[in-house]
Amino acid sequence: MTPVANSTANSHVPLAERLRPRTLVEVIGQQQLLGEGMALRIAFESGQPHSCILWGPPGTGKTTIARLMADAFDAQFITISAVLGGVKDIREAVEQAQVAQGQGRRTIVFVDEVHRFNKSQQDAFLAHVESGLFTFIGATTENPSFEVNSALLSRAAVYVLQPLAPQDLEQIIARALALQALPAIEKVASERLVGFADGDARRLLNTLEMLSVAATQERVSEITDPWLQKVLGERMRRYDKGGEQFYDTISALHKSVRGSNPDAALYWLVRMLDGGAEPRYLARRLIRMASEDIGLADPRALRLALDAADVYERLGSPEGELALAQCVVYLAVAPKSNAVYMAFNAAKAFVKQDGTRPVPMHLRNAPTKLMKELDYGKGYRYAHDEEGGFAAGERYLPDGMAPPDFYRPVERGLEIRIAEKLKQLRALDLQHQKK
């Protein structure tokens, strides 16, 4: 019997559960929150639980952290799924928390996918969070600023979880191997698995479990790259989502858009979709292209890219993919300018090497009497009161700083008119200086 078969025979517990961290030090990843001196680590060590929202992509450890918090504070742990649950589940959680409170025990109520609860359902937690009956922990993959009620949000700290890094995912594979949950795995296959997981520990664990079963059935003693691709089949038929080919393909898409070739851009988009690339990732890249390569030559491009991302969120695959295709074609045929991109980079480089120049007195805010007495804001010319809405000759840079000329519009699209406008304004500045 192989080690995998032996391991399987001894335990029917899912691999994800067998590898779930039992202590804080066993958690893989999220060191920006759980490392020594970091926000969540301090919360654990304080001895006082507080309500919070864990925001991050799937498979980043939100449920695990919530469970560990309950263990750390010896609290009753109640889970509610916002997908399947409702007010009845909230009411039952309140009753259980009241019983625990009567026994002198704390309660943590964990709401998975809290963004799926409507306003009234989210409001049902408020009074109990305020009274301290239980500690509320919400998990969400969506921006809580938009998906969680402001009243509930104001009573909860927000912690942002990041996708797991490749080295984190490699640690998970190593732990599975240490448990003899799967046979030996060659380096190339391991790297492909890490790329396929794309920062999602749950996806990796589910895949490892599937491989374990397949390895047992086929009496495989080592997972090789060809065998791995055969088992995973269609899901990996085009490229490794974290490997070189993936990044080569997204590079080809980006350069085809920049090169104003809609056919090539569509080809690479479809290649990526057909290969299993996450459409949301593609939507994010299109937004970047609109900002970096088109910019103010056609400001509508950025709006269209944002709309395409929103349409995909509403429709999903395959219907929403058409909006991404529409966006790709528009970006490819739009006038191109990287003037804002170059200006931003130039400004960053300048500020990094320059000293911290003081804000000129006439540009400073003067909300108090003392500040006004110290001449804060004195001499500032309100542009709306000037002819043409422009205060000719007014200085907006620190004293002694020469005009840096960061932004240089190109002679394409709307930036042609922007350049003309800037030329006119600079001419007015020169006239004012000669007076």
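This short presentation goes through selected helices, contacts and backbone features of one predicted model.

Good morning, and a word on conventions before the structure itself. The model is predicted, so local features need pLDDT of at least 70 and side-chain atom pairs count only at pLDDT 80 or more, while totals for chains, interfaces and linings use all residues. Residues are numbered from 1 along each chain as its sequence is written, and side-chain values use heavy atoms, with hydrogens and water left out. Helices (H or I, at least four residues) and strands (E, at least two) are DSSP runs, numbered from the N terminus.

I begin with helix packing. Helix H17, residues 279–294, and helix H18, residues 300–315, have axes that come within 8 Å and cross at roughly 175 degrees. Axes here are lines fitted to C-alpha atoms, for helices over the stretch in contact, and angles run from 0 to 180 degrees between N-to-C directions. H17 and H18 are therefore roughly antiparallel to each other; angles under 35 degrees count as roughly parallel, over 145 as roughly antiparallel, 65 to 115 as roughly perpendicular and the rest as oblique. On the H17 side, the contact (heavy atoms within 4.5 Å) is made by Pro279, Arg280, Ala283, Leu286, Ile287, Ala290, Ser291 and Ile294. H18 contributes Ala301, Leu302, Ala305, Leu306, Ala309, Tyr312 and Glu313. The residues of this contact of H17 with H18 divide into 12 nonpolar, one polar and two charged. In that division Ala, Val, Leu, Ile, Met, Phe, Trp, Tyr, Cys and Pro count as nonpolar, Asp, Glu, Lys and Arg as charged, and the others, Gly among them, as polar. As a general point, an α-helix has 3.6 residues a turn, so residues three or four places apart point the same way.

The second pair is helix H13, residues 201–218, with helix H14, residues 225–232. Their axes are 11 Å apart, and the packing angle is about 105 degrees. That makes H13 roughly perpendicular to H14. From H13, the residues Thr207, Met210, Leu211, Ala214, Ala215 and Glu218 meet Trp227, Leu228, Lys230, Val231 and Leu232 of H14. The contact of H13 with H14 comprises eight nonpolar residues, one polar and two charged.

Following H13, two residues lie in the loop that leads to strand E7 (222–223): Arg219 and Val220. Is each of them buried or exposed? Arg219 is exposed, with a relative accessible area of 69%, whereas Val220 is buried, at 13%. The cut-offs are under 20% relative accessible area for buried and over 50% for exposed, with partly exposed in between (1.4 Å probe, protein chains only). Leaving aside neighbours within four places in sequence, Val220 is in contact with Pro183, Ala215 and Trp227. Arg219 has a positive phi of about 55 degrees, although it is not a glycine.

That brings me to the backbone. Most residues other than glycine have a negative phi, and most peptide bonds are trans. Gln30, in the loop between helix H2 (15–18) and helix H3 (31–34), has a positive phi near 60 degrees. Gln30 is buried, with a relative accessible area of 5%. Asp74, just after helix H5, takes a positive phi of about 50 degrees. A cis peptide bond runs from Ser317 to Pro318, with omega near 0 degrees; Pro318 lies in the loop between H18 and H19.

Next, the buried residues of two helices. In H5, residues 62–72, they are Lys62, Thr64, Ile65, Ala66, Leu68, Met69 and Ala70. What covers the buried residues of H5? The cover includes H3, helix H4 (39–46), and strands E1 (52–55), E2 (76–81), E3 (107–112) and E4 (135–140). In H19, residues 321–333, the buried residues are Ala323, Leu324, Ala325, Cys327, Val328, Leu331 and Ala332. H19 has 13 residues and reaches 19 Å from its first C-alpha to its last, close to the 18 Å expected (1.5 Å times one less than its number of residues).

Turning to cysteines, Cys327 has a relative accessible area of 0%, and Cys52 is likewise buried at 0%. With a disulfide taken as a pair of cysteine sulfur atoms within 2.5 Å, the count comes to zero.

I close with Ile250, which lies in helix H15, residues 244–258. Ile250 counts as buried, at 2% relative accessibility. Not counting residues up to four places away in sequence, Ile250 touches Met272, Tyr281, Leu282 and Arg285.
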